[in-house]
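Biologist: I'm new to this one, so could you pick a single part and walk me through it closely? Keep it relaxed, and tell me how that part sits in the rest.

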Amino acid sequence: MPRCGSDRTRGCQGTALLFCSSPCSADRREKKKTLQVLTKVEEAFNKAKTTVTNLSDEIDLKSKVGEFVYAAGDISTQAIEKASDLNDKYKITDQASAKVKEVVDKAKSNTDL
């Protein structure tokens with residue numbers, strides 16, 4: 001076994017130091033870190049996917065979304081019908097048209113001077 005201070009030991013240490021500090025070694029360390037990060041991201045994604053799948057199964061997410069879309073459509077239809085009824089009752093569009101015509105006529109008469 002070589003002694004700590006021997007030329008062979010110092011040569012091995014120098015070679016190891018050169019190898020560890022070489023660009024290839026740095027590249028390998030960087031690739032290893034990148035692989036570790038990617039592995040952690042993949043694990044987190046899979047965990048989130050499993051959680052969403054379990055939640056979806058528990059509350060029947062597809063059915064709930066369908067119910068929500070149906071309810072939103074129904075409410076929209078009711079709002080349109082109510083607006084139409086109010087317009088029929090109070091002639092809102094007729095009043096708005098008359099007011100716009102009145103303003104346009106007044107503007108024209110002021111420019112005819």
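**A close look at helix H3**

Modeller: Let's take helix H3, and start with its length: it has 30 residues, and at 1.5 Å a residue it should span 44 Å, which agrees with the 43 Å between its end C-alpha atoms. Keep in mind that this is a predicted model.

Now for the setting. The protein chain has 4 helices and 0 strands, running α-α-α-α from the N terminus on. Of its 113 residues, just 4% count as buried. About 10,400 Å² of the chain is exposed, and carbon and sulfur atoms supply 63% of that.

Back to H3, which covers 61-90. Leucine 61 lies in this helix, and it counts as partly exposed because its relative accessibility is 34%, in between the 20% and 50% cut-offs. Leu61 also belongs to a nonpolar surface patch of about 560 Å², together with Leu55, Ile59, Val65, Phe68 and Val69. Helix H2 (23-59) and H3 each supply at least two residues of that patch, but H3 gives the most, with 4 residues.

There's a charged patch to look at too. Asp57, Glu58, Asp60 and Glu67 gather on the surface as a patch of negative charge. Glutamate 67 is the one to find if you're following H3, as it lies in that helix. With a relative accessible area of 46%, glutamate 67 is partly exposed.

What happens just after H3? Lysine 91 takes a positive phi of about 55° there. Then comes helix H4, residues 92-111, and that's where to look for salt bridges. A search of the whole structure finds 2 of them.

One joins the side chains of glutamate 102 and lysine 99, at 3.7 Å from N to O. These two residues both lie in H4, 3 residues apart, or about one turn of the helix. Glutamate 102 is partly exposed, with a relative accessible area of 48%, and lysine 99 is partly exposed as well, also with 48%.

The other pairs lysine 101 with aspartate 105, whose closest N and O atoms are 3.1 Å apart. Both lie in H4 too, 4 residues apart, again about one turn. Lysine 101 counts as exposed, at 52% relative accessibility, while aspartate 105 is partly exposed, with a relative accessible area of 36%.

Methods
Residues are numbered from 1 along each chain as its sequence is written. This is a predicted model: local features need pLDDT of at least 70, side-chain atom pairs count only at pLDDT 80 or more; totals for chains, interfaces and linings use all residues. Side-chain values use heavy atoms; hydrogens and water are left out. Patches are made of residues with over 30% relative accessible area and no salt bridge: like charges are joined within 9 Å, nonpolar side chains (Val, Leu, Ile, Met, Phe, Trp, Tyr) within 5 Å. Accessible areas come from the Shrake-Rupley method with a 1.4 Å probe; for residues, only the protein chains shown count as cover. A salt bridge is a side-chain nitrogen of Lys or Arg within 4 Å of a carboxyl oxygen of Asp or Glu. Buried means under 20% relative accessible area, exposed over 50%, partly exposed in between (1.4 Å probe, protein chains only). The expected span of a helix is 1.5 Å times one less than its number of residues. Lys and Arg count as positive and Asp and Glu as negative; His and the chain ends are not counted. The place of a charge is taken as NZ of Lys, CZ of Arg, CG of Asp or CD of Glu.
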